[in-house]
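Subject: Structure for you to look over

Dear colleague,

I am handing over the structure below, together with an account of what was found in it. Please read the notes with the coordinates open beside you.

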Amino acid sequence: MKQVVQNYKSGELAVLDVPVPGCKPGGVLVRSAYSLISTGTELMKVSEAGMSMLGKARSRPDQVAKVMQSVATNGLPATYRKVMGKLDSYTPLGYSLCGVVEQVGAGVDDVKAGDLVACAGNEHALHAELNWVPKNLYTPVPDGLAPRHAAFGTVGSIAMQGVRQGEPRLGEVALVIGLGLIGQLVAQLLTASGVRVVGADPDPARCELAERLGAVACGDPASAALEAAVAELTDGHGVDQVYLAAGGGSNQPVELAARLCRDRGRVVDIGKCRLDLPWNAYYEKELDVRFSRSYGPGRYDPEYELEGRDYPIGYVRWTERRNLACFLDLVARGRVDVEPLVSHVADFEDAVETYRRLKDGELKAVAVLFRYPGQPDEAPEGETAQAPSVAVPAVRRSGTAPAPARSATSPVRLAFVGAGNYATSMLLPHLARREGVELSTVVTTTALSAANAQRKFGFAEATTDLDAVLGDKSIDAVFVVTRHSSHAELTRQALLAGKTVFVEKPLALTEDELAGVLAAVEESGNDRVQVGFNRRFAPLLTEAKRRFGARTGPASLRYLVNAGRLQQGSWYLRQGTEGSRFEGEGGHFVDTASWLLDADPVSVYAVAPSGNEDLQVVLRYPDGSTATISYVTTGAPGFPKESLDLLADGKVLKLDDFVRASVYGRSRWQSSRLPRARDKGQNAELAAFVKAVRTGGPMPVPLESLVATTAATLAVRSALASGAPVELERAR
């Protein structure tokens, strides 16, 4: 793999071929997508490396003191060899990146391969194609947050820790001195906290940027206008806090802080600037001077950073990792905007040239990102970038096994794996009263839940032994109604055991899981699987589709899903293990659209306009038809959950939450009366499934359609990350 390194003795920068780091226990191996250049810290290090030995000594008196101590202890020759050996070695650069988990080490259970994570640490989040990152120095990236934005996580944590040290309160006024990368983020975080911000920087462009992003007023530190703005905002008292985010050897920031801070105000040092405190000025106002140590509690503690020992939240509310997650959440929800800070995006192989341009002042930048191989290119002016694509895996059957022979008069024997709320409220009540069905065995992870399901629905047996069920040749079909993360593996096992399978949505949470299910189909020849996409079986919708009739031209479909908020503690919120909400249930709506349009989608585009779980998903179909799914969690709970409109050939089909449907054309049809309850098709779906099991006939929905729907649902994540439509390419 390749990594950016620097020789501190000669100042040489290089992109070297180095071995891939091993995936040790307690961490993950991450393939970089974007890494962020700290235009303050890193450029200072790069500049120091280009100095003479005397210049290096002057810039780092702390290191000179260590050398002198070593001379006293070990002698001059030994110290000289040690220092020269260290200087004449390659050292890494970088400490803030976003990438994809490639391998998971032992003891890690909060992420899996394929997950997008933000990483921190000047030994672990390096400008390199692959990094091993310990558990407390990475955090999953919220759904919908672009990787280039998540790469700001570490510098955002530095800014956040500085703000926490200042203890801002609603309505206060703060002064941020230095509007580079950290200063810009500090200003936005303060604004998000309800604090009015004044910024100080000699660069007019940075002042204008900070004002555009929420600062009340910004100006040159030496200007009278800056002091006038502070006086006006504070009634002449001075600001409540000052944040020193400037670098360099000038003592002006410290002196300005004392002049513009109120009596008993707080001064927080975040950047590396000169700190010769003017004693009288600080004493007379009794200013509280505080230091902010990097990303937060846990920094420089090897037990926290390397051994993964977290601090109890009751004692340490905001650690390094929790700061990292909090900052990403703010960016994902639109409370902090990092895109305007991105001055330049460079390909990783151009790293040396990029550093040179920054050092020479040729490239003026607040933030610069390295883009790694595999990330979508930005389109050159006048051209269109090639659209990213996701492969829809082919369904391959090696001598498809026939449906198991069974007597037409014997009951269909069913086993349930899982007996949670959905199974007991939406599936089992229909099956328990269906003639010709025998509820044979229920399998759960806890004995009591199995016993409850047995008592309530009349299962012949209750067990916690899945293998016994899969090995029971008398069982015709297995229902997989467990948590989302187990669906694919349980389906795979049941198919290999020769069972017909009904699996609740989703079929899979990742492309690898989907590939595993299809590998089981190919290996066993058993393709008898149904996913619980019940809406296409809803009587009201099937009647509306029949009355709408065939179409000749492309259609436009709009589907509003007022999903609502989940209760705190719901396992649906465990995105690290159970996937996002849309990955979990979005297949319902993709399948319904594809069934109404009689085709599978060929591309997916998605945006998250509000920075939360709200999504706008646009599906394109082969004949030019489009389906827009608005998946909204922030709507009013009293508003209907689902509404749908289909327009084509001068006709309109309208569905109102499965209680009323209408078709407008040459004549108008409207459902004559409201049904007693919303019927979303579960009963009809189960009837079709049981019939297929009983007769050995084809499954209600072709497996190719189930795979296409699952692939399209999973492609939403790629579309959000790329910001571009994702082509769904059918594998051959």
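A contact here means heavy atoms within 4.5 Å. With that meaning, residues 24 or more positions apart account for 69% of the contacts in the protein chain that have a separation of 6 or more. Please keep in mind throughout that this is a predicted model.

As to the chain as a whole, it holds 732 residues, of which 50% count as buried, and its secondary structure comprises 24 helices and 32 strands. The surface that the protein chain exposes comes to about 32400 Å², with carbon and sulfur atoms supplying 52% of it.

The rest of this message concerns charged pairs. In general, side chains of opposite charge can pair when their charged atoms come close. A search of the whole structure finds 40 salt bridges, and a few of them are described here.

One of these salt bridges joins R413 to E438, with 3.1 Å between the closest N and O atoms. Since R413 belongs to strand 18 (residues 412-417) and E438 to strand 19 (residues 437-443), the pair ties together parts that are 25 residues apart in sequence. R413 is buried, its relative accessible area being 18%, which falls under the 20% cut-off for that class, whereas E438 has a relative accessibility of 27% and counts as partly exposed.

A second salt bridge is formed by the side chains of E642 and R535, at 2.7 Å from N to O. This pair links distant parts of the chain, 107 residues apart, with E642 in strand 28 (residues 642-648) and R535 in the loop between strand 23 (529-531) and helix 20 (539-548). Where do E642 and R535 lie, buried or exposed? Both E642 and R535 are buried.

A further salt bridge brings together the side chains of R678 and D657, at 2.8 Å from N to O. R678 is found in the loop between strand 31 (668-670) and helix 23 (682-695), and D657 in the loop between strand 29 (651-656) and strand 30 (660-664), so this pair ties together parts that lie 21 residues apart in sequence. D657 is buried, with a relative accessible area of 5%.

Finally, there is a group of charged residues that goes beyond a simple pair: E353, R356, R357, D360 and E362 are joined into one network by salt bridges that share partners.

With best regards

Note on methods. Residues numbered from 1 in each chain as written. Predicted model: local features only at pLDDT ≥ 70, side-chain atom pairs only at ≥ 80, totals over all residues. Heavy atoms only, no water. Helix = DSSP H or I, 4+ residues; strand = E, 2+ residues; numbered from the N terminus. Buried < 20%, exposed > 50% of the residue type's maximum accessible area, 1.4 Å probe, protein only. Areas by Shrake-Rupley, 256 points an atom, 1.4 Å probe, with all protein chains shown as cover. Salt bridge = Lys/Arg side-chain N within 4 Å of Asp/Glu carboxyl O.
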